[in-house]
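Trainee: I've got a structure open and I'd like to talk through its pockets and strands. Can we go step by step?

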Amino acid sequence: MEIYLVGGAVRDRLLGLSPGDRDHVVVGETQASMEAAGFRPVGRDFPVFLHPATQEEHALARTERKSGRGYRGFVVDADPSVTLEQDLGRRDFTINAIAQAPDGTLIDPYGGRSDLEARVLRHVGPAFCEDPLRVLRAARFMARFAPLGFTVADETMALMRGMVDAGELEALTPERVWQELARALASRSPSAFLRTLHDCGALAVVLPEVDALYGVPQRAEFHPEVDTGVHVELVVDMAARLAPGDARIGFAALTHDLGKALTPADRWPRHVGHEHTGIRPLEALCARLKVPAEHRDLAIIACREHLNVHRIEELRDATLHDLIARCDGFRKPARIDQLATVCECDKRGRLGSAEAAYPQADLLRRAHAAALAINARELVAEGITGPAIGKALRKAQIAAIARSRSPD
């Protein structure tokens, strides 16, 4: 069999990164010959097989022809006559269109190695514009590779703008948009995902609530970056730094200020009440993209409570207790630690504040831990029964919070 290692495993090795999944392309074979050799078929849309020993994916070399709108509108041809170069030619970016033979020889018909060296994300050919998902993939690759110095080629950005203008992105399903967004938020530079989509006009299509934040000014004494869209970029990058790989923290960071887009222009740069007005667009975004409940719930909590956490030192003990309870922090303790992290991302996601201290996070965590340590069973042992237990528990928790805030 003619078997070649392809895609990300080759690309990442050339970049000096730890490779992920190893995918292979097989030239000159058929489904019958693959099965006869012991490969197990698993592909739904095109012939993909698992190696009988390694379980690594092996796909038959194939070409694709556009047959309809969207990223599923393709006719696949996996005839044994399809060449390796033809298979590589259907791929999205030149850096993903490099193959490696078993002896280590690289097959690079589209200049992927030179683009890796130049740190350029460039499309392979004009067929790029046939698949709208590739716009999101370009942005997601930038979220991963921008820290290495990558930029999007001008001609690729022009194609992406044309795809947006042609309405191609409207064919994307919510599930695929969310999948790409979640992966980008778990990458090193989520801001590059947002910036790439914003620059080609795609952000207004897939995340209009976020796109609306660009150009909205904030008070310079609190936000030297002024532009709310830029602030959100800084916040999601801080989330990637403080909670690497955690898309829940990243999503809450992304959406915590959506309410600022709804502030009337005559009230700029103040945004009084944005923590409440942001809930409705956040819920609409989550419903549209079918965002998982745990991501949605944390995002709503962070949107609603981030200003309260920022001013935690001003809150009364009872008010702080009720904040924790409102966030379901007694039943789901992890919520409070996550909220503290998101709020720290918000505070440090501002120009000149990346290394700033954020004592509010520790104050919230200490108060929460103190309240959690109160055991209702001890109250029952003291003879308290019925509705009085709830009142006594709240009183004891508030007292514990007060002690946690004491300088002694």
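**Pockets and strands**

Trainee: Which element gives the largest share of the lining of the second largest pocket?
Mentor: Keep in mind that this is a predicted model. The elements that give two or more residues to this lining are α13 (274-277), α15 (293-310) and α17 (334-348). The largest share, 3 residues, comes from α15.

Trainee: Which class counts the most charged, polar or nonpolar residues there, and how many residues are in each?
Mentor: Let's go through the lining of the second largest pocket class by class. There are 4 nonpolar and 7 polar residues. That leaves the charged class, with 8 residues.

Trainee: What about the largest pocket, and which residues are the closest to its centre?
Mentor: The largest pocket has a volume of about 1800 Å³. It is lined by 45 residues. The closest to its centre are Asp23, Phe46, Arg62, Arg137 and Arg176.

Trainee: Which element gives the most to that lining?
Mentor: Several elements each supply at least two residues to the lining of the largest pocket, among them α1 (8-15), β2 and α7 (174-185). Another one of them is α5 (133-145). With 6 residues, the one that gives the most is α5.

Trainee: Asp23 came up just now, so to speak; what is the bridge partner of Val6 in β2?
Mentor: Strand β1 (residues 2-6) runs antiparallel to strand β2 (residues 23-27), and 5 bridges join them. β1 also pairs with strand β8 (residues 99-100) over 2 bridges, where Val6 stands opposite Ala99. In β2, the partner of Val6 is Asp23.

Methods
Residues numbered from 1 in each chain as written. Predicted model: local features only at pLDDT ≥ 70, side-chain atom pairs only at ≥ 80, totals over all residues. Heavy atoms only, no water. Pairing = 2+ DSSP bridges. Helix = DSSP H or I, 4+ residues; strand = E, 2+ residues; numbered from the N terminus. 1 Å grid on protein atoms, 1.4 Å probe; cavity = no way out; pocket = protein on both sides within 12 Å on 5 of 7 lines; lining within 4 Å. Points joined across faces, edges and corners; volume = space filled by probe spheres on them. Nonpolar A, V, L, I, M, F, W, Y, C, P; charged D, E, K, R; others polar.
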